[in-house]
Amino acid sequence: MKRMYSIVIIFGIIFITFYIAYAQKTMGDSYLKKNYCIECHLKLNGKPRSVVLEWENSVHAKNNLECHICHGGNPDVNDAKEAKGKKTNFAGKPKKKDIPEFCGREGCHVQASVQLKKGPHYSSVQKIGSPNCVDCHGDHNVQQSTYHIITDKTCSSCHSVEYSRELVNSIVTIEKNIEDIERSLAYMNEKNVENKEMTLRYSELKSYFHQLVHIFSKQEIDFTKKLVEVEIEYLNKELQSKIASIKRLDIIYIMTSAFSIGVIIVFTVYIALIRQRRAKIQRQFQSR
Ligand code: HEC
Ligand code: HEC
Ligand code: HEC
Ligand code: HEC
């Protein structure tokens, strides 16, 4: 009997331990502790408060990436000095020229940062702090980006309006072509047509285009434009022939269906006629 009790107790303890671990995992740390960077900054006025409101709608907030991911510091203490003490790696507000390193740290956006450094803008960033990551993406209200975040106004503070428009237009054209391909690929997926090779080439093309907006040299733009044109020509040709064959299949399907329905109708009418005739003969036979 005693043994029985101890077994029950041991299992009970094991169960409770696992339950607590599970609850912590599913509810996350935020359930257990407060983030005092956010708590305290929401009580402030002006910029130190508005950055929190902006951050709350960002792609970072949606992925639980809180203040200390970028700024360092200790979010667990409700004391400004202690939260930003030397041991906490607090980074504060970065200088404009340091932002590519700030965003491009290991584990964050290394690739974008390396690309920016390759381009002609980096020397300008080092001299006057612009154009850097936050000029295009914003600082706290960072959203999932598409080419729409760039307009000629993004560039015309430094380049002429015409030159800016020309550059932005060529980017828009490339992106539109890419979107066309994306739509066609989606259509093929819907129709279950094999398109592995094409999807692969498409995603390579797209990642090349992603790089363009971070490197931005004239040479790179022209090269990308050519590459995209060649790829688009290939992909469009493939698509056209595949989509044509889908449509052919669709037509065959419609015609077969129509034919089957036709056969059924004719057959039904035929049976009805035979029955009618049989009834008539039967009646004639009875009346005799
Ligand atoms: C994705 C990285 C990132 C996150 C997350 C982030 N910040 Fe920032 N923060 C920055 C950058 C970059 C700057 C510098 C912006 C600039 O120079 O335009 C900055 C600047 C600031 C400033 C100075 C604003 C000014 O112009 O005086 C404050 C205050 C601040 N952040 C607080 C916070 C707080 C509080 C949070 C959490 C709610 C937070 N930040 C989350 C990147 C971040
Ligand atoms: C108890 C309140 C409090 C807490 C906790 C707190 N802050 Fe602050 N923070 C402030 C105040 C007040 C200012 C404005 C001080 C100033 O302008 O010099 C500020 C300024 C800042 C700035 C911009 C000025 C700078 O030093 O570059 C950043 C960035 C910042 N806080 C980030 C954080 C982060 C990240 C945390 C959490 C790890 C945090 N804060 C926790 C009160 C707090
Ligand atoms: C000239 C404007 C501009 C600058 C400067 C810029 N970006 Fe971007 N970034 C864009 C645009 C536009 C996109 C969307 C590209 C697309 O849809 O193909 C983008 C996309 C991104 C993406 C998502 C793309 C992906 O690979 O998934 C990240 C992350 C990013 N940028 C980070 C950064 C960082 C970090 C910096 C600074 C080192 C930076 N960007 C500087 C314009 C810019
Ligand atoms: C803060 C100022 C600034 C902004 C904003 C800016 N640029 Fe630049 N850009 C420069 C500087 C400086 C150079 C280097 C000029 C040189 O080396 O002769 C440059 C060079 C270039 C070049 C290379 C020119 C070449 O002949 O290779 C291109 C392309 C370019 N920028 C495109 C853009 C686009 C597109 C935007 C907007 C998304 C933009 N720039 C926004 C300052 C800026």
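## Helix 14 and the iron site

On one face of helix 14, opposite its buried residues, Lys196, Leu200 and Glu204 are exposed. The model is predicted.

Helix 14 runs over residues 196-215. From first C-alpha to last, its 20 residues reach 29 Å, close to the 28 Å expected at 1.5 Å a residue. The buried residues of helix 14 are Met198, Tyr202, Leu205, Phe209, Leu212 and Ile215. They cover an arc of only 145° around the axis, so they sit on the same side of helix 14. An α-helix has 3.6 residues a turn, so residues three or four places apart point the same way. The cover over the buried residues of helix 14 includes helix 9 (110-118), helix 13 (161-190) and helix 15 (218-287). Phe216 follows helix 14, with a positive phi near 55°.

Now the metal. Which residues coordinate the iron atom of ligand 2? His41 does so through NE2 and Lys84 through NZ, at 1.8 to 2.0 Å. His41 is in helix 3 (residues 36-42), while Lys84 is in the loop between helix 7 (80-83) and helix 8 (99-103). The pair therefore ties together parts that are 43 residues apart in sequence.

The iron atom of ligand 2 has 6 donor atoms around it. Their angles span 83 to 179°, which makes the arrangement octahedral.

How accessible are His41 and Lys84?

| Residue | Relative accessibility | Class |
|---|---|---|
| His41 | 23% | partly exposed |
| Lys84 | 36% | partly exposed |

Residues count as partly exposed when their relative accessible area lies between the 20% limit for buried and the 50% limit for exposed.

How values were computed
Residues numbered from 1 in each chain as written. Chains lettered and ligands numbered in written order. Predicted model: local features only at pLDDT ≥ 70, side-chain atom pairs only at ≥ 80, totals over all residues. Heavy atoms only, no water. Helix = DSSP H or I, 4+ residues; strand = E, 2+ residues; numbered from the N terminus. Expected span 1.5 Å × (residues − 1). Buried < 20%, exposed > 50% of the residue type's maximum accessible area, 1.4 Å probe, protein only. Arc of directions from axis to C-beta. Contact = heavy atoms within 4.5 Å. Donors = N, O, S within 2.8 Å, 3.2 Å for Na, K, Ca; no water. Tetrahedral: all angles 85-135°; square planar, octahedral: opposite > 155°, others 65-115°.
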